[in-house]
Amino acid sequence: MTSDSGTSRKVTIEFDDKITRWFMIASIGWSVVAMLVGALIAFQLNFWQMNGKFLEWITFGLFQSEGVEYLTFGRLRPLHTNAAIFAFVGNMMFCGVYYSTQRLCKTRMFSDMLSKIHFWGWQLIIVFAAVTLPAGLTRGKEYAELIWPINIMVAVIWLVFGANFFLTLKIRREKSLYVALWFYIATIITVTMLYVVNHLQIPTSLTHSYPVFAGVQDALVQWWYGHNAVAFFLTTPILGIMYYFLPKACGRPVYSYRLSIVHFWSLVFIYIWAGPHHLLNTALPKWLQVLGMFFSLMLWAPSWGGMLNGLLTLRGAWDKLRTDPVIKFFVASITFYGMSTFEGPLLSIRSVSALAHYTDWIVGHVHSGTLGWNGFMAAAMFYWMAPKLWGKPLWSKSLANMHFWIGLVGILLYVASLWFAGIIQGLMLNETDPTGTRLVNEFVQTVDKIQLLMLTRAIGGTLYLIGFVLLVVNIWKTAKSGSPVNETREVFEEIDSDKDKMTWKAAFQNDPIALTFWGLFFGILWFFLPPGASHMALLCTLGFSAYAVYRFKQNSEGWSKWYDQLSENYLPFSVLVLIAAALGGIIQIVPTITVNRAVNIEDRLQSVYTPLELAGRDVYISEGCYNCHSQMIRTLVPDVLRYGDYSRLGESIYDHPFQWGSKRTGPDLAREGGMRGDSWHYLHMLDPRSINQQSRMPNYPWLFTKKTDFKSLPGKIAVQQRLGVPFPIMTPEEIEQHAREQALEIAQGLVDEEVKIVPEKGVDEPGSPAEARDHLAGKQIIALIAYLQKLGSYEDVVPKDADPIEPRIFKPGIPDKLRMNEDSEEEVTDSEEGATTPVAQNP
């Protein structure tokens, strides 16, 4: 309905709040699922029986099992993280974006149909993830585990969401883009870029693929994506929600518009560079580590600027904190944001990372952000929105207050216990004797030491879950007492508005853009150029910075007018966001494309896997072993003393995907090959308690009955060859024969040691040794053993300027006649295991 009055006309709008309700209900439902799985895996780290053995107890013995493959920590941990990020926070984000965008643009969403496709498509993706991840169908990359068909679905549905959002901006009736919309724009653009690049892959089947990146390049791309998934999926959209809903809840305007401008642009530009801080003290080139640390430390300023802008918005409304649960949740959420964004840069300092990385301190840091920042912001938004979406007051403020205090106690127990656990574990693992040449503690001793703290963590997580169950009850009762309401609002629309009419020349040809460009240009040169030239670049950077300040003071009104015009034109604004976000990724990733090539390796070059070893590696990834074990020995004395010589860049150059890991619930496996006999690995996977009674690792009985997929190996190797892995030319028949012969060799050795044979269900145990060997050879456990025994295998590379000599190859634990590269090696007997293993012929 419209009515004209001169230069404007009155328009009556009915907002599409139905889609908001849908996403709200979905977020609340999935939050309980995500937290329930999280509580389960937290208890699994205390009690190995929780990996499926507990089903015997709750069924009173009717269900007999040593473990359930779909319920192990390695398979459920990706389900928990994906459910928390994409199902809980993702649906919450969409809920807030749809509600606020319509009101900030003074128009209904561009297309109700696109909104519905977005909703149902996203829920379908979550359901597919909930089915495939416990089934072991994974890409093996943190926060990017979903298989390629689901990746395509995510990309399509995300583009549907983006199209609906940007088309809504195009038809908006509000001339200027409010600050919340800036953060939504940054989210949509940057997540698209991150997701596409990190999910580039070549399928080998409907459920399996290999990423195009490998080794150090894959590690860099993964944490460029992984860190910025936190930045642009869990931070920027939630900041947009904060900037819209917090002023609404407290009845106060945002404290500082200028601070919000600085907060937004500095966050978008700086955040994208910080990913390498996840890879400090590793084989990542030193310049990338320094770059990541430098920009991570810079994040302190914009992050705390945003936190202060949020808290100071409450000026004059702090009295509401005593009685209003919504304000309680908002304040706690913003405070946790400040804590997390202080702790993150702190953890990015190399010396701090040496202590904290691979420990539970990192897990505590992540959850203080996800549960404290995202979770409490979600609760605040839901409690504020529910009365407006169903037309009735919140059913129980006292229940909401109870939720707040239970949740707060839970998250504090969770985070504090993991802080202590991580620091204790890091100190114990790094402790040496007075000579500094021997370690004091075994890995399992550190696990025992933090057992009570890990149990406290699980209890804290359970309390947080109980709080959200109270939210479910409260929202359900509120909805039941009312009925769905779509808000109707009368607004005035300018007939001849000059929004979105800024020329590209006006947007980009001006002092702010030019001076920023040259300042960044010389700043980047300062970092990369050698001494002398870098000093000149630094002087130029400082000169342009000083000149920019001078020009701003001279023409501050012109600069302000330019930005006001920019914020009224969504296309130039979005292009600037894309440039600011893409710059860091391009500068970091492109150089590693040339570095991560075999011809450029000057130290050690990874030995190519045999077909059976490749099959075993896929089993390792499928079981989620990377969630507990790293394959990266850092350049730190305690790491070298515990696990062997530090890992080189070339030792993972053919790993698609890389397996450096981010958490050590168990020891590092980078040089596991040849350290123990095949029978040790066999018994360890069958029953870890038979090797170490203190182990909390689950049993893997299904690996002894499930068959290795030999038929898929030719297709997988063909893809690896396309990606540059130098597999020798073999026919499909030769590949399968090669794999079966190596499997028979390993199986024969196990039979000779009289290991326990696990028969398939309904099949008699093999009678003769030959039958036992043939039975074992086709099982996944044999392929996994082959892979584990290959870890740490490399070839010494002769420096380009050295005299040509015969390359020396270190290949642990693999029968000589089945090697991909033939080489004679001296053998010694491992007296503990009674097996022969080749001597490492290092320089």
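Here a visitor asks a guide how some labels on this predicted model are earned.

Visitor: What makes Arg-75 and Glu-69 a salt bridge?

Guide: Their side chains come to 3.0 Å, N to O. The cut-off is 4 Å between a side-chain nitrogen of Lys or Arg and a carboxyl oxygen of Asp or Glu, so the pair qualifies. The structure holds 34 salt bridges.

Visitor: Why is Arg-75 called buried?

Guide: Buried means under 20% relative accessible area, and Arg-75 has 1%, so the label fits. Glu-69, at 13%, counts as buried too.

Visitor: And Glu-487, which meets Arg-103 in a salt bridge: is Glu-487 buried or partly exposed?

Guide: Partly exposed, with a relative accessible area of 24%. Partly exposed runs between the 20% and 50% limits, so 24% falls there. Arg-103 has 6%, so that one is buried. As for the bridge itself, the side chains of Glu-487 and Arg-103 meet at 2.9 Å, N to O.

Visitor: Why do you say that the pair of Glu-487 and Arg-103 ties parts together?

Guide: Look at where they sit: Glu-487 lies in the loop between α17 and β5, while Arg-103 belongs to helix α3, so the pair ties together parts that are 384 residues apart in sequence.

Visitor: What about Lys-716, which residue does it bridge to?

Guide: Asp-618, with the closest N and O atoms 2.9 Å apart. That pair also links distant parts of the chain, with Lys-716 in helix α26 and Asp-618 in helix α23, 98 residues apart. Both Lys-716 and Asp-618 are buried.

Visitor: Which other residues of α26 are buried, and what covers them?

Guide: Besides Lys-716, the buried residues of α26 are Leu-713, Pro-714, Ile-717, Val-719 and Gln-720. The cover includes strands β3 and β4 and helices α23 and α27. After α26 comes Gly-724, whose phi is positive, near 105 degrees.

Visitor: Which salt bridges form a network?

Guide: Those linking Asp-603, Arg-604, Asp-645, Arg-648, Glu-651 and Arg-671.

Visitor: Now the largest pocket: how do you know which classes its lining belongs to?

Guide: The lining has 34 nonpolar, seven polar and two charged residues. The pocket's volume is about 1,800 Å³. Of its 43 lining residues, the closest to the centre are Trp-265, Ser-266, Pro-512, Thr-516 and Leu-520. Trp, Pro and Leu count as nonpolar, while Ser and Thr fall among the others, so those two are polar.

Visitor: Which helix supplies the largest share of that lining?

Guide: α19, with 13 residues. Other helices that each supply at least two include α9, α10 and α22.

Conventions
Residues numbered from 1 in each chain as written. Predicted model: local features only at pLDDT ≥ 70, side-chain atom pairs only at ≥ 80, totals over all residues. Heavy atoms only, no water. Buried < 20%, exposed > 50% of the residue type's maximum accessible area, 1.4 Å probe, protein only. Helix = DSSP H or I, 4+ residues; strand = E, 2+ residues; numbered from the N terminus. Contact = heavy atoms within 4.5 Å. 1 Å grid on protein atoms, 1.4 Å probe; cavity = no way out; pocket = protein on both sides within 12 Å on 5 of 7 lines; lining within 4 Å. Points joined across faces, edges and corners; volume = space filled by probe spheres on them.
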